[in-house]
Amino acid sequence: MLKIIAIAMMAVAAMTTTVAADFDGLSVGVHGATVSTYMDKDYTRKGKATLNDQSSAYGVHARFLLEQNDFVAGAEVRYDKYPNTIINAGRGNEAVTDGLDISGILGYQQGSIMPHIIFGMSILEAKKPNDGMHYGLGVSYSLTDNVMITARGVKYEFDGPWQGSDLDLIKGEIQLSWRF
């Protein structure tokens with residue numbers, strides 16, 4: 001799935017005319033995502049884990065980027081709300097309610113387009129907090145001097161939080177950000 005999202009984002013970037021834009025500075029915004037959940041295959045084969053394969057998430061984010069020549073580096077903090085993600089991992093149904101991500105961003109500005117990679121740490125709240133990591137690919141497009149839209153595919157890996165089973169989330173995310 002990440003390959004399809006990455007290819008689509010690069011195709012959009014290649015077809016779009018570029019106009020010089022500035023990605024420097026602080027931006028805040030809102031985002032929405034579609035979420036696919038996967039449990040460790042050995043555990044699900046035993047019939048002990050079922051999960052909601054498709055769900056959604058929404059939230060807010062803050063990002064700070066620095067640009068040097070055409071290279072862009074920065075950090076992002078995201079809060080996600082998962083309104084309908086339920087996991088049954090052998091100890092009863094658990095609602096995944098909240099998520100917090102702290103991410104690093106590395107990108108390359110091509111006019112008003114910035115393809116980038118994202119990586120960092122995540123906390124997922126169910127009955128108890130579970131920590132993991134995430135990584136992915138994205139592309140940001142500067143609509144105006146102050147408004148930016150970002151499309152991103154991110155994979156989350158949580159090792160062993162549900163009775164020794166691993167949980168992976170794959171998110172396709174759209175962000176709308178306002179730059180200061």
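Student: Is N69 buried or exposed in this structure?

Tutor: The model is a predicted one. Exposure is judged from relative accessible area, and a residue counts as exposed over 50%. N69 has a relative accessible area of 63%, so N69 is exposed.

Student: Where is N69 placed, and what is its phi value near?

Tutor: N69 sits in the loop between β3 and β4. Its phi is near 55°, which is a positive value in a residue other than glycine.

Student: How many helices and strands does the protein chain have, and what pattern do they follow along the sequence?

Tutor: The protein chain has two helices and nine strands. Read along the sequence, the pattern is α-β-α-β-β-β-β-β-β-β-β.

Student: How should one read an aromatic pair, and how many does the structure hold?

Tutor: Two things describe a pair of aromatic rings: the distance of the centres and the angle of the planes. The structure holds one such pair. It is formed by F71 and Y108, with 5.1 Å centre to centre and 70° between the planes. Planes over 60 degrees apart count as edge-to-face, and the pair of F71 and Y108 is therefore edge-to-face.

Student: Which parts of the chain does this pair tie together?

Tutor: F71 belongs to strand β4 (residues 71–88) and Y108 to strand β5 (residues 93–108), so the pair ties together parts that are 37 residues apart in sequence. As for accessibility, F71 counts as exposed at 55%, whereas Y108 counts as partly exposed at 34%.

Student: What lies over the face of F23?

Tutor: R179 lies over the face of F23, at 5.9 Å from the ring centre. The side chain of R179 also makes a polar contact, at 3.2 Å, with the side chain of S142. S142 lies in strand β7 (residues 129–142). Buried means under 20% relative accessible area; S142 has 7% and is therefore buried.

Student: What share of the whole chain counts as buried, and what area does the chain expose?

Tutor: Of the 180 residues of the protein chain, 43% count as buried. The chain exposes about 9,000 Å², and carbon and sulfur atoms supply 64% of that area.

Student: How many residues has the largest nonpolar core, and which strands supply at least two of them?

Tutor: A nonpolar core is a set of buried residues of certain kinds joined through side-chain atoms. The largest one here has 18 residues, and L65, Y82, L124, F158, L167 and L169 have the most contacts inside it. At least two residues of this core come from each of β1 (25–39), β3 (54–68), β4, β5, β6, β8 (147–162) and β9 (165–179). The largest share, four residues, is supplied by β8.

Student: What does F158 touch, leaving out residues up to four places away in sequence?

Tutor: With those residues not counted, F158 touches S122, L124, N130, D131, G132, D166, L167, D168 and L169.

Student: How far apart are G120 and H134, in sequence and in space?

Tutor: They are 14 residues apart in sequence, and 5.4 Å apart in space, C-alpha to C-alpha. G120 is placed in strand β6 (residues 113–125). Leaving aside neighbours within four places in sequence, G120 is in contact with I102, S103, G132, M133 and H134.

Student: What share of the chain's contacts with a separation of 6 or more comes from residues 24 or more positions apart?

Tutor: Residues 24 or more positions apart account for 62% of those contacts in the protein chain.

Notes:
Residues are numbered from 1 along each chain as its sequence is written. This is a predicted model: local features need pLDDT of at least 70, side-chain atom pairs count only at pLDDT 80 or more; totals for chains, interfaces and linings use all residues. Side-chain values use heavy atoms; hydrogens and water are left out. Rings of Phe, Tyr and Trp (its six-membered ring) pair if their centres lie within 6.5 Å; planes under 30 degrees apart count as stacked, over 60 as edge-to-face and the rest as tilted. Buried means under 20% relative accessible area, exposed over 50%, partly exposed in between (1.4 Å probe, protein chains only). A charge sits over a ring if NZ of Lys or CZ of Arg is within 6 Å of the ring centre and within 35 degrees of the ring normal. Contact means heavy atoms within 4.5 Å. Accessible areas come from the Shrake-Rupley method with a 1.4 Å probe; for residues, only the protein chains shown count as cover. A polar contact is a pair of N or O atoms within 3.5 Å; within protein, one must be able to donate a hydrogen and the other to accept it, and residues adjacent in sequence count only if both atoms are side-chain atoms. A nonpolar core is a set of buried Ala, Val, Leu, Ile, Met, Phe, Trp, Tyr and Cys residues joined through side-chain atoms within 4.5 Å.
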